[in-house]
Amino acid sequence: MTAVPVGAGAPGLARRATADPLFRLVAYALETAHERPPAAVWSAPYAFHLGSPGLVAAAGWPVAAAAAPRGDGLVRLSSLGHPADSCDLPLTPAGPAPAAPAWAVRPYAVLRALARAGFGSGGTDLHLQGSLTAAAGLATAEPADCAVALAVADVHTRADEEPDRERLARLLARALPDGDDALRRAALFARPGEALLTTSGGRRYVPFDPAASQERLVLLVVRGDPGERAAELARAVACARRAGALSAWPPGRPGRSVLVLLPAARLTAVRAAVAEEFRGRGRPVPRFLNIAVAGAARREE
């Protein structure tokens, strides 16, 4: 293996007691899996739609990526979410992609696109980890795309500069046209307490801070048979509205969860009403996850 000493690095993050546990974990996991410290650790927030076209915001839950550059044309990918499916792949910017575990296909596509743009063509050691599971219903792919792109670009960018986020947004849109570009832009450009309106003419921010209005934003997640999720979500929303919720909408593609906006004073009553309705039918009680309207992706020091 040929290591490439690029960037100031973040070798101490894995053992820094004051660091967020997720970021310590990804730094330590990369060291353990690949026997070298990360040169950069980046986090990107999960993001969600607000029900209006192009209007998105970031949630206070991150996906983290730890990266270290290589010089031998090899990509080594690992994730604690897929402990048995780490892989070593040759980095081939063009032509057919090599066979890879299902979870690694998308990160590898991002690394190929970055290599074509001049970032990481020598290879990368990468560890990726989210703070939520797919069961939460928030899209994981788009924040992971952004965390990987920023971490890899960072170690190939001058120490006194930050990666060009607009350039990376365009690169990801070309490389992964099936992704949700609005969610990626929320992960890259969001501001705390604001929603981002993505238009063909650029970006515009509008206030969206439930806490400042004595409101709460929660993610309501149903459990159980996938074939019954739509009906169960509808029941949960109807029950939440009866108990005082103001509005509810899917965070992205329809799935297993909805975002619910409600007065802060009604949170306990709404949770109790939903739990009682589901428990009374012998159904798994839905989960509630608090959502803070957060800022954009950042480098973790």
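Helices, at least four residues long, and strands, at least two, are DSSP runs numbered from the N terminus. With that in hand, here are some close-up views of this predicted model.

**View 1. Aspartate 180 sits in a loop between two helices.** Welcome to the first stop: the loop that holds aspartate 180 joins α4, residues 165–175, to α5, residues 181–189. Is this aspartate buried or exposed? Aspartate 180 has a relative accessible area of 18%, and buried means under 20%, so aspartate 180 counts as buried.

**View 2. Aspartate 180 and its surroundings.** A polar atom of the aspartate 180 side chain lies 3.1 Å from the backbone nitrogen of leucine 183. Which residues does aspartate 180 touch once neighbours within four places in sequence are set aside? They are His49 and Glu142.

**View 3. Strand β1 and its hairpin with β2.** Strand β1 covers residues 40–49, and 10 of its 10 residues are buried. Its partner here is strand β2, residues 55–69, and the two pair in the antiparallel sense over nine bridges. Five residues lie between β1 and β2 in this hairpin. Look in the turn for glycine 51, which has a positive phi of about 95°.

**View 4. Tryptophan 42 and its partners in β2 and β13.** In β2, alanine 65 stands opposite tryptophan 42. Strand β1 is also joined to strand β13, residues 298–299, by two bridges, and these strands run antiparallel. Which residue of β13 is the bridge partner of tryptophan 42? That partner is arginine 299.

Notes. Residues numbered from 1 in each chain as written. Predicted model: local features only at pLDDT ≥ 70, side-chain atom pairs only at ≥ 80, totals over all residues. Heavy atoms only, no water. Buried < 20%, exposed > 50% of the residue type's maximum accessible area, 1.4 Å probe, protein only. Polar contact = N/O pair within 3.5 Å; in protein donor to acceptor, adjacent residues only side chain to side chain. Contact = heavy atoms within 4.5 Å. Pairing = 2+ DSSP bridges.
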